[in-house]
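Subject: Structure handover

Dear colleague,

I am passing on to you the structure that we talked about, and below it you will find an account of what was found in it. Please keep it open while you read, so that you can look up each residue in turn.

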Amino acid sequence: MVGGYTEQCTELACALYASAITKVVPVKGTREAELTKLLENIFRCVNIALVNEMKLLCERMNIDLWEVIDAAKTKPFGFMPFYPGPGLGGHCIPIDPFYLTWKAREFEFNTRFIELAGEINWHMPHHVVERTMDALNRQGKALKGAKVLILGLAYKKNIDDLRESPSIRLIELFRERGAVVSYHDPYCPKMKEMRHQPKYMLEMESVPLENAKEVDVVVIATDHDCIDYQQLVRDAKLVIDTRNATKNVSFGRDKVHTA
């Protein structure tokens with residue numbers, strides 16, 4: 001997507017990118033190009049918030065939202081599947097839509113969809129912690145003093161990008177409630193320095209997945225494909241699954257709680 005400051009700028013930029021990229025789409029100017037990017041981000045932000053809210057409702061109604069989504073996406077038009085999770089991550093969706101929210105105020109305009117989506121998505125790490133507390137309570141254990149293993153530090157599977165990862169916030173929230181927190185991520189052997197991060201996190205390193213046997217609860221925050229979830233559920237005392245990673249596990253469902 002290319003929008004130049006002048007028409008000639010657009011033509012030259014399109015010629016440059018066309019030498020390396022199959023499809024280049026010119027738009028009127030820089031403002032249109034920037035808002036195109038924002039609209040795409042906002043679309044995902046709002047739809048992720050919608051499905052996260054549906055997840056909260058389905059928990060109360062005892063309905064499997066993942067099955068509902070799988071059924072809905074069989075419709076060949078008019079529906080695009082989005083999936084719930086522990087919060088937003090990456091360098092786009094958690095940040096860029098809110099630049100527009102800030103800019104809109106200069107024009108005396110409130111971007112209510114964006115702000116509501118932000119409220120829902122930002123709450124999700126708190127929801128994961130609350131679900132974990134409930135699951136531990138059912139086993140007669142308190143979160144304070146419990147050993148919590150966060151499975152997956154990156155903001156999405158099979159990458160090493162930690163930018164705005166909800167796992168970072170989960171570590172903070174569990175620590176604030178007195179839990180002893182560690183993490184396992186084969187893509188992130190050592191914690192990287194981020195924008196907002198307590199200093200203690202810089203000393204954290206990935207622990208072996210075998211530690212799942214020793215902790216009180218494993219929280220699946222990122223569903224890396226390289227993890228053997230059958231073995232994980234076999235080894236762990238309790239699993240909180242935020243990504244539906246254990247959907248094909250054929251045993252130990254009493255150990256697994258979704259969040």
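K141 is partly exposed, with a relative accessible area of 29%, and its side chain meets that of D216 in a salt bridge, at 3.7 Å from N to O. Because D216 sits in the loop between strand 2 (180–184) and strand 3, while K141 sits in the loop between helix 5 and strand 1 (147–151), this pair ties together parts that are 75 residues apart in sequence. D216, unlike its partner, counts as buried, at 15% relative accessibility. Please bear in mind throughout that this is a predicted model.

Salt bridges elsewhere

In general, side chains of opposite charge can pair when their charged atoms come close. The structure holds 13 salt bridges, and one of them joins the side chains of E40 and R44, at 2.6 Å from N to O. Both of these residues belong to helix 2, where they are four residues apart, or about one turn of the helix. E40 is partly exposed, with a relative accessible area of 35%, and R44 also counts as partly exposed, at 29%. Another of the salt bridges is made by the side chains of R169 and E176, at 3.9 Å from N to O; here R169 counts as partly exposed, at 30% relative accessibility, whereas E176 counts as exposed, at 56%. In addition, K55, E59 and R131 are joined into one network by salt bridges that share partners.

A buried charge without a salt bridge

What is the nearest side chain of opposite charge to D223, which is buried yet has no salt bridge? It is K157, at 4.2 Å, and since a salt bridge requires the nitrogen to be within 4 Å of the carboxyl oxygen, D223 and K157 are not counted as such a pair. D223 is placed in the loop between strand 3 (217–220) and helix 7 (229–235), and, leaving aside neighbours within four places in sequence, D223 is in contact with K157, Y229, R243 and A245.

Helix packing and a surface patch

I42, which lies in helix 2, is buried, with a relative accessible area of 14%. Not counting residues up to four places away in sequence, I42 touches P97, L100 and I114. P97 is itself one of the buried residues of helix 4 (residues 96–104), together with D96, F98, T101 and A104, and the buried residues of helix 4 pack against helix 2 and helix 5 (112–138).

On the surface, L50, M54, L57, M61, I63 and V68 make a nonpolar patch of about 510 Å². Helix 2 (residues 30–61) gives the most to this patch, with four residues, while V68 is found in helix 3 (residues 65–72) and counts as partly exposed, at 40% relative accessibility.

Cysteines

A disulfide is a covalent bond between the sulfur atoms of two cysteines. How many disulfides does a search of the whole structure find? The search finds zero. The sulfur of C14 is 11 Å from the closest cysteine sulfur, in C9, which is too far for a bond, and C226 is likewise in no disulfide, with the nearest cysteine sulfur, that of C188, 11 Å away. C14 is buried, with a relative accessible area of 16%, whereas C226 counts as partly exposed, at 48%.

With best wishes

How values were computed
Residues numbered from 1 in each chain as written. Predicted model: local features only at pLDDT ≥ 70, side-chain atom pairs only at ≥ 80, totals over all residues. Heavy atoms only, no water. Patch = residues over 30% accessible without salt bridge, like charges linked within 9 Å, V, L, I, M, F, W, Y side chains within 5 Å. Areas by Shrake-Rupley, 256 points an atom, 1.4 Å probe, with all protein chains shown as cover. Helix = DSSP H or I, 4+ residues; strand = E, 2+ residues; numbered from the N terminus. Buried < 20%, exposed > 50% of the residue type's maximum accessible area, 1.4 Å probe, protein only. Lys, Arg positive; Asp, Glu negative; His and termini not counted. Contact = heavy atoms within 4.5 Å. Disulfide = S-S within 2.5 Å.
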